[in-house]
Amino acid sequence: MAELVLLTADPGGTPAVLPALTFLGHHVVVLPLSPAALAEGTDAATVLLDARQDLVAARTLCRMLAGPLAAPPVLLVLADGGFTAVSATWGAADVVLASAGPAEVEARLRMIGERSQAVEEGDTDAEVLEAGDVVIDPSAYTARVRGRVLDLTYKEFELLKHLVAHPGRVLTRAQLLQEVWGYDYYGGTRTVDVHIRRLRAKLGGEHDQLIGTVRNVGYRFEPRRREPSEG
């Protein structure tokens with residue numbers, strides 16, 4: 001059983017924000033949606049941040065929690081459609097839909113805890129990934145290409161991280177759906193194509209070919225090293 005803090009302005013508390021959590025055995029402290037309120041719950045393993053209504057305010061608070069406040073890992077609770085606004089720059093450890101079932105919520109909380117422990121213990125899974133000009137820092141949720149920070153959504157970041165972690169390996173669309181979106185995702189493989197196209201656009205014309213297409217199969221990250229300067 002974990003100690004959790006739920007930051008929300010909803011008077012309905014946990015049942016209104018994340019109903020599945022009421023079926024789990026965690027101890028949840030419900031606090032107002034403000035950074036000052038968190039002082040009462042600093043021993044929490046995870047902070048659940050209600051981002052269903054006001055995404056702008058949630059982003060500001062999430063960045064404060066992940067940055068200067070050095071709060072526990074943040075699990076964003078989103079309404080349908082909220083995924084399009086979330087990016088790695090928010091600093092959240094993970095995201096979950098308010099309609100998620102108990103098994104998914106429990107799995108996400110467990111994985112957040114495991115990642116936090118890995119960072120504290122210096123586990124190699126939390127180390128920076130480098131492939132050619134691309135550098136991924138999973139603990140900071142940042143991706144850079146030749147030093148330029150990429151403004152990625154949460155899923156774009158996770159997809160790029162997965163590709164960079166397997167340089168040169170061909171990954172089918174079905175594999176990417178399973179390993180990035182998860183077993184409970186029922187969308188089609190077209191989702192992968194859309195996210196790949198967006199990633200290439202954000203990498204820019206000089207680097208979009210880092211993600212290669214293997215016709216009728218899937219995609220492959222093809223790192224290339226920066227050419228040494230002449231002179």
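How close do the axes of H5 and H6 come, and at what angle do they cross? The views below take up this question together with several others, all drawn from a predicted model.

**View 1. Helices H5 and H6 cross.** The axes of H5 and H6 come within 9 Å, and they cross at roughly 80 degrees. An angle from 65 to 115 degrees counts as roughly perpendicular, and H5 and H6 are therefore roughly perpendicular to each other. To find the crossing on the H5 side, look for Arg173, Leu176, Leu177 and Trp181, which meet Thr191, Val192, Asp193 and His195 of H6.

**View 2. Helix H6 and its surroundings.** Helix H6 covers residues 190–203. Its 14 residues should span 20 Å at 1.5 Å a residue, and the C-alpha atoms at its ends are 20 Å apart, so the two values agree. Which residues of H6 are buried? They are Thr191, Val192, Asp193, Val194, His195, Ile196, Leu199 and Leu203. These buried residues pack against strands S8 (142–145), S9 (148–149), S11 (211–214) and S12 (218–221), and also against helices H4 (154–165) and H5 (173–181). Just after the helix comes Gly204, with a positive phi near 95 degrees.

**View 3. Helix H4 against helix H6.** Here is another helix pair to explore. Two packed helices are described by the angle between their axes and by the distance between those axes. For H4 and H6, the packing angle is about 85 degrees and the axes are 10 Å apart. That makes H4 roughly perpendicular to H6. On the H4 side, Lys155, Glu156, Leu159, Leu160 and Leu163 take part; they meet His195, Ile196, Arg198, Leu199 and Lys202 of H6. His195 is worth a second look, as it is among the H6 residues that meet H4 and also among those that meet H5.

**View 4. The three-stranded antiparallel sheet.** In this open sheet, 3 strands follow the order S10-S12-S11, and their pairing is antiparallel. Why does one side of S10 and of S11 have no neighbour in the sheet? Strand S10 (170–172) and S11 stand at the edges with a single partner strand each, so one side of each is left free of a neighbour in the sheet. From one strand to the next, the twist averages 35 degrees. S10 and S12 run antiparallel and are joined by 3 bridges. Within this pair, Thr172 stands opposite Gly218 in S12. H5 packs on the sheet, where it touches S10 and S12, and its direction makes about 80 degrees with that of S10. H6 packs on the sheet as well, touching S11 and S12, with its direction at about 145 degrees to that of S11.

**View 5. The five-stranded parallel sheet.** Now follow the order S2-S1-S3-S4-S5: these 5 strands form an open sheet with parallel pairing. Strand S2 (27–31) and S5 are the edge strands, each pairing on one side only. Neighbouring strands of this sheet are turned against each other by 25 degrees on average, with direction ignored.

**View 6. Strand S3 and its partners.** Strand S1 (residues 3–7) and strand S3 (residues 46–50) run parallel and are joined by 4 bridges. Two partners in S3 are easy to pick out: Leu4 is bridged to Thr46, and Leu6 is bridged to Leu48. S3 also pairs with S4 in the parallel sense, again over 4 bridges, and Asp50 has Val77 as its bridge partner in S4. Is S3 enclosed or open to its surroundings? With 5 of its 5 residues buried, S3 is largely enclosed by the rest of the structure. Both of its faces are covered, since Thr46, Leu48 and Asp50 on one side are buried, as are Val47 and Leu49 on the other.

**View 7. Ser87 in its loop.** Finally, zoom in on Ser87, which sits in the loop between strand S4 (74–78) and strand S5 (94–97). Is Ser87 buried or exposed? The cut-off for buried is under 20% relative accessible area, and because Ser87 has 10% relative accessibility, it counts as buried. Leaving aside neighbours within four places in sequence, Ser87 is in contact with Asp151, Leu152, Thr153 and Tyr154. A polar atom of the Ser87 side chain lies 3.5 Å from the backbone oxygen of Leu152.

Notes
Residues are numbered from 1 along each chain as its sequence is written. This is a predicted model: local features need pLDDT of at least 70, side-chain atom pairs count only at pLDDT 80 or more; totals for chains, interfaces and linings use all residues. Side-chain values use heavy atoms; hydrogens and water are left out. Helices (H or I, at least four residues) and strands (E, at least two) are DSSP runs, numbered from the N terminus. Buried means under 20% relative accessible area, exposed over 50%, partly exposed in between (1.4 Å probe, protein chains only). A polar contact is a pair of N or O atoms within 3.5 Å; within protein, one must be able to donate a hydrogen and the other to accept it, and residues adjacent in sequence count only if both atoms are side-chain atoms. Contact means heavy atoms within 4.5 Å. Two strands pair if DSSP finds at least two bridges between them. Axes are lines fitted to C-alpha atoms, for helices over the stretch in contact, and angles run from 0 to 180 degrees between N-to-C directions. The expected span of a helix is 1.5 Å times one less than its number of residues. Angles under 35 degrees count as roughly parallel, over 145 as roughly antiparallel, 65 to 115 as roughly perpendicular and the rest as oblique.
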